[in-house]
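Here is a short set of exercises to work through at your own pace. Have the viewer open, try each task, and then compare your steps with the solution.

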Amino acid sequence: MTVRIFKHDRNELLKRGIEIISSTNDTKYHNRVVLVNLLLTGKISISLMSKASGLTTRTLSNWLSIVDNEGFEKLRAIKQSGRPDKLSDEQKAEIKKVLRESPDKHGYCVWDGISLSDYITSKYDIKYSIRQCQRLFHELGFSLQRAGTFPSLEEQNGSEREEFKKKQPKSGT
């Protein structure tokens with residue numbers, strides 16, 4: 001078994017690790033610090049810790065090296081930025097203004113995923129799927145609203161029913 005030679009005092013590193021454990025809410029970081037602290041005590045081997053934690057010996061050894069060379073802060077998980085938005089914040093603000101206007105002003109019967117997708121494609125030349133547009137509605141603070149079903153089939157007012165149907169948007173357009 002090889003013995004690691006530390007650049008910094010092992011006990012000082014352990015002391016710093018214990019301070020971090022009591023002060024952090026980041027569970028991933030917390031767990032990494034705990035595992036490194038257990039290894040720093042010298043009472044448990046990397047191979048035994050690897051078996052107990054399900055992590056590779058390489059990972060644990062790398063964490064020890066990182067702590068020794070760069071400090072515990074380098075064990076924090078890096079925030080993943082994800083895929084960048086297709087629309088800029090300015091474009092989203094413009095879309096929000098447009099959605100507050102009447103849809104027939106822009107050639108649509110109602111603002112829904114289909115009409116918003118078509119609007120974004122024609123205005124910005126950016127392809128947004130219907131589902132992306134539904135998410136965009138939510139992101140911009142809008143909620144799904146469906147037309148009422150007036151008058152019901154049981155009632156004897158056929159002329160009102162026909163008039164109501166004429167006013168409803170055609171689905172799929």
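A residue counts as buried when its relative accessible area is under 20%, as exposed when that area is over 50%, and as partly exposed in between. Please keep in mind that this is a predicted model.

**Exercise 1. Describe the overall make-up of the protein chain.**

Start by counting elements: the protein chain holds eight helices and zero strands. Next, read along the sequence, where the pattern is α-α-α-α-α-α-α-α. Then turn to burial: 27% of the 173 residues count as buried. Finally, look at the contacts between residues at least 6 apart in sequence; 49% of these join residues at least 24 apart.

**Exercise 2. Compare the reach of helix H6 with its expected value, and find its buried residues.**

Step one is the extent: H6 covers residues 113–124, which is 12 residues. Step two is the reach from the first C-alpha to the last, which is 16 Å, close to the 16 Å expected at 1.5 Å a residue. Step three is the buried set, made up of Gly113, Ser115, Leu116, Ser117, Tyr119, Ile120 and Tyr124. A helix has 3.6 residues a turn, so residues three or four places apart point the same way. Step four asks what covers the buried residues of H6, and the answer includes helix H5 (89–100) and helix H7 (130–139). Just after H6 comes Asp125, with a positive phi near 55 degrees.

**Exercise 3. Work out how H5 and H6 are oriented, and which residues meet.**

Two packed helices are described by the angle between their axes and the distance between the axes. For H5 and H6, the angle is about 130 degrees and the axes are 12 Å apart. An angle between 115 and 145 degrees falls outside the parallel, antiparallel and perpendicular ranges, so H5 and H6 are oblique to each other. The crossing of H5 past H6 is right-handed. On the H5 side, the contact is made by Gln91, Glu94, Ile95, Val98 and Leu99, and they meet Leu116, Tyr119, Ile120, Lys123 and Tyr124 of H6. By type, the residues of this contact are seven nonpolar, one polar and two charged.

**Exercise 4. Do the same for H6 and H7.**

The axes of H6 and H7 come within 8 Å and cross at roughly 100 degrees. That makes H6 roughly perpendicular to H7. From H6, the residues involved are Gly113, Ile114, Leu116, Ser117 and Ile120; they meet Ile130, Cys133, Gln134, Leu136 and Phe137 in H7. This contact divides into seven nonpolar, three polar and no charged residues.

**Exercise 5. Is Lys123 buried, exposed or partly exposed?**

First, place the residue: Lys123 lies in helix H6. Its relative accessible area is 49%. That value lies between the 20% and 50% cut-offs, so Lys123 is partly exposed. For a distance check, take Gln91: Lys123 is 32 residues from Gln91 in sequence and 9.9 Å away in space, C-alpha to C-alpha.

**Exercise 6. Characterise the packing of H3 and H4.**

Begin with the axes of H3 (residues 46–53) and H4 (residues 57–70), which come within 9 Å and cross at roughly 115 degrees. The crossing is right-handed. Then list the contact: Ile46, Ser47, Met49, Ser50 and Ser53 in H3 meet Thr57, Leu60, Ser61 and Leu64 in H4. Sorted by type, the residues are four nonpolar, five polar and no charged.

Terms used:
Residues numbered from 1 in each chain as written. Predicted model: local features only at pLDDT ≥ 70, side-chain atom pairs only at ≥ 80, totals over all residues. Heavy atoms only, no water. Helix = DSSP H or I, 4+ residues; strand = E, 2+ residues; numbered from the N terminus. Expected span 1.5 Å × (residues − 1). Buried < 20%, exposed > 50% of the residue type's maximum accessible area, 1.4 Å probe, protein only. Contact = heavy atoms within 4.5 Å. Axes fitted to C-alpha atoms, helices over the stretch in contact; angles between N-to-C directions. Parallel < 35°, antiparallel > 145°, perpendicular 65-115°, else oblique. Left-handed = near helix turned anticlockwise from the far one by under 90°. Nonpolar A, V, L, I, M, F, W, Y, C, P; charged D, E, K, R; others polar.
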